[in-house]
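Okay, thanks for making time, everyone. I'll put the structure up and walk you through it piece by piece, so shout if you get lost.

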Amino acid sequence: MLELLGRSSSINVRKVLWTCAELGTAFKHTEWGSGELSLKDPAFLALNPNAMVPVIRDGGLVLWESNTICRYLAAKSARDDLLPSDPARGAIVEQWMDWQATELNSAWRYAFMSLVRKSPAHTERVALEASIAAWNHNMTILDQALAKTGAYVIGPVFTLADVVIGLSVNRWIMTPIVRPELPAVSDYFERLTERPGFRAHGRNGLA
Ligand SMILES: N[C@@H](CCC(=O)N[C@@H](CS)C(=O)NCC(=O)O)C(=O)O
């Protein structure tokens with residue numbers, strides 16, 4: 001059976017939990033990264049030398065990098081709706097997933113570490129303000145895309161891009177910052193809430 005390693009409080013683990021909910025995939029879950037299950041444990045480092053979650057084990061396959069794991073699981077289940085095999089549609093889904101992992105993640109990191117994790121290494125006001133400005137700017141880009149589709153990130157069909165970006169929207173809304181009014185993002189957040197997977201692993205009180 002598929003095995004998922006990683007604490008459910010992690011946004012990247014929740015991408016995999018939500019994807020499995022969309023797929024109806026059964027799995028065994030171990031909360032590595034919380035309690036005694038240290039990511040520095042040699043047994044865990046042998047699976048992911050980055051000492052990060054999530055990791056999956058599927059037969060002999062070991063995979064890390066949350067977005068890659070989601071793509072693998074959707075492809076394995078032949079879920080063309082979540083990850084289109086058509087090259088152009090598939091590339092647009094991956095474009096937004098890559099954008100989430102690079103541009104959006106980099107923008108929010110300082111603000112999130114400062115305001116939510118209360119990290120003593122993230123207390124500089126100028127860096128905090130720059131992070132909030134970059135984060136809000138990226139969300140404005142998303143708002144424009146959503147205003148065009150009126151539904152999900154790439155169009156009328158829910159895809160893996162919505163799993164990773166939906167969780168990101170949840171983080172944006174849950175973090176105590178001043179946010180611009182973004183009506184398409186607000187509508188999207190409510191639209192996603194119709195999905196049991198998002199209610200369980202996205203809009204569940206965790207940033
Ligand atoms: N690029 C990686 C990032 C994974 C990542 O940052 N995971 C965090 C939790 S969200 C982690 O494991 N941090 C180390 C820790 O919790 O000790 C992915 O998308 O899987």
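Let's start with the largest nonpolar core, which has 50 residues. This is a predicted model, by the way. The residues with the most contacts inside that core are Val 16, Trp 96, Leu 160 and Ala 161. Quite a list of elements feeds into this core: β1 (2-5), α1 (11-23), β3 (55-58), α3 (66-76), α4 (87-115), α5 (125-149), α6 (160-174) and α7 (183-192) each put in at least two residues. Which of them gives the most? That's α4, with 10 residues. And the core draws on both domains, with at least three residues from each of domain 1 (2-76) and domain 2 (87-200).

Trp 96 is worth clicking on while we're here. If you ignore its neighbours within four places in sequence, Trp 96 is in contact with Val 153, Ile 154, Ala 161 and Ile 165. So look for Ala 161 there, another of the residues with the most contacts inside the core.

Now, the two domains. The domain assignment splits the chain into domain 1 (2-76) and domain 2 (87-200), and their C-alpha centres sit 22 Å apart. How many residues are in contact across the two? We get 11 from domain 1 touching 11 from domain 2. On the domain 1 side, α1 and α3 each supply at least two of those residues, and the largest share, 7 residues, comes from α1. By class, that side of domain 1 has 5 nonpolar, 2 polar and 4 charged residues.

Let me stay with α3 for a moment. Its buried residues are Ser 66, Asn 67, Ile 69, Cys 70, Arg 71, Leu 73 and Ala 74. Yes, there's an arginine among them, Arg 71. What covers the buried residues of α3 includes α1, β3, β4 (61-64), α4 and α6.

Right after α3 there's a backbone detail. Ala 78 has a positive phi of about 50 degrees, although it is not a glycine. You'll find Ala 78 in the loop between α3 and α4. Is Ala 78 buried or exposed? It counts as exposed, because it has 9 C-beta neighbours inside 10 Å.

On to the ligand. Its surroundings are Ser 10, Ile 11, Asn 12, Gly 33, Leu 39, Met 52, Val 53, Pro 54, Glu 65, Ser 66 and Asn 67. In terms of class, that shell has 5 nonpolar, 5 polar and 1 charged residues. Two helices, α1 and α3, each supply at least two residues of the shell. We've already met Ser 66 and Asn 67 as buried residues of α3, and here they are again around the ligand.

Zoom in on Val 53 and Pro 54, both of them in that shell. The peptide bond joining Val 53 and Pro 54 is cis, with omega about 10 degrees. Pro 54 lies in the loop between α2 (42-45) and β3. That loop also holds Ala 51, whose phi is near 55 degrees, a positive value in a residue other than glycine. Ala 51 is partly exposed, because it has 13 other C-beta atoms within 10 Å.

Okay, over to domain 2 and α5. At 1.5 Å a residue, its 25 residues should span 36 Å, and the end C-alpha atoms are 36 Å apart, so the two agree. Which residues of α5 are buried? Those are Ser 131, Ile 132, Trp 135, Asn 138, Met 139, Leu 142 and Leu 146. If you're wondering about the spacing in that list, remember that an α-helix has 3.6 residues a turn, so residues three or four places apart point the same way. The buried residues of α5 pack against α4, α6 and α7. Just past the end of α5, Gly 150 takes a positive phi of about 65 degrees.

Last stop is Phe 189, in helix α7. Not counting residues up to four places away in sequence, Phe 189 touches Val 169 and Ile 173. Phe 189 and Ile 173 are 16 residues apart in sequence and 9.3 Å apart in space, C-alpha to C-alpha. Why does Phe 189 count as partly exposed? Because it has 19 C-beta neighbours inside 10 Å, and buried takes 20 or more.

That's my tour, so over to you.

Conventions:
Residues numbered from 1 in each chain as written. Predicted model: local features only at pLDDT ≥ 70, side-chain atom pairs only at ≥ 80, totals over all residues. Near = placed C-beta within 6 Å. Helix = DSSP H or I, 4+ residues; strand = E, 2+ residues; numbered from the N terminus. Nonpolar A, V, L, I, M, F, W, Y, C, P; charged D, E, K, R; others polar. Core = buried A, V, L, I, M, F, W, Y, C linked by C-beta atoms within 7 Å. Buried ≥ 20, exposed ≤ 12 C-beta atoms within 10 Å, placed from the backbone. Domains from an automatic or database assignment. Contact = placed C-beta atoms within 7 Å. Expected span 1.5 Å × (residues − 1).
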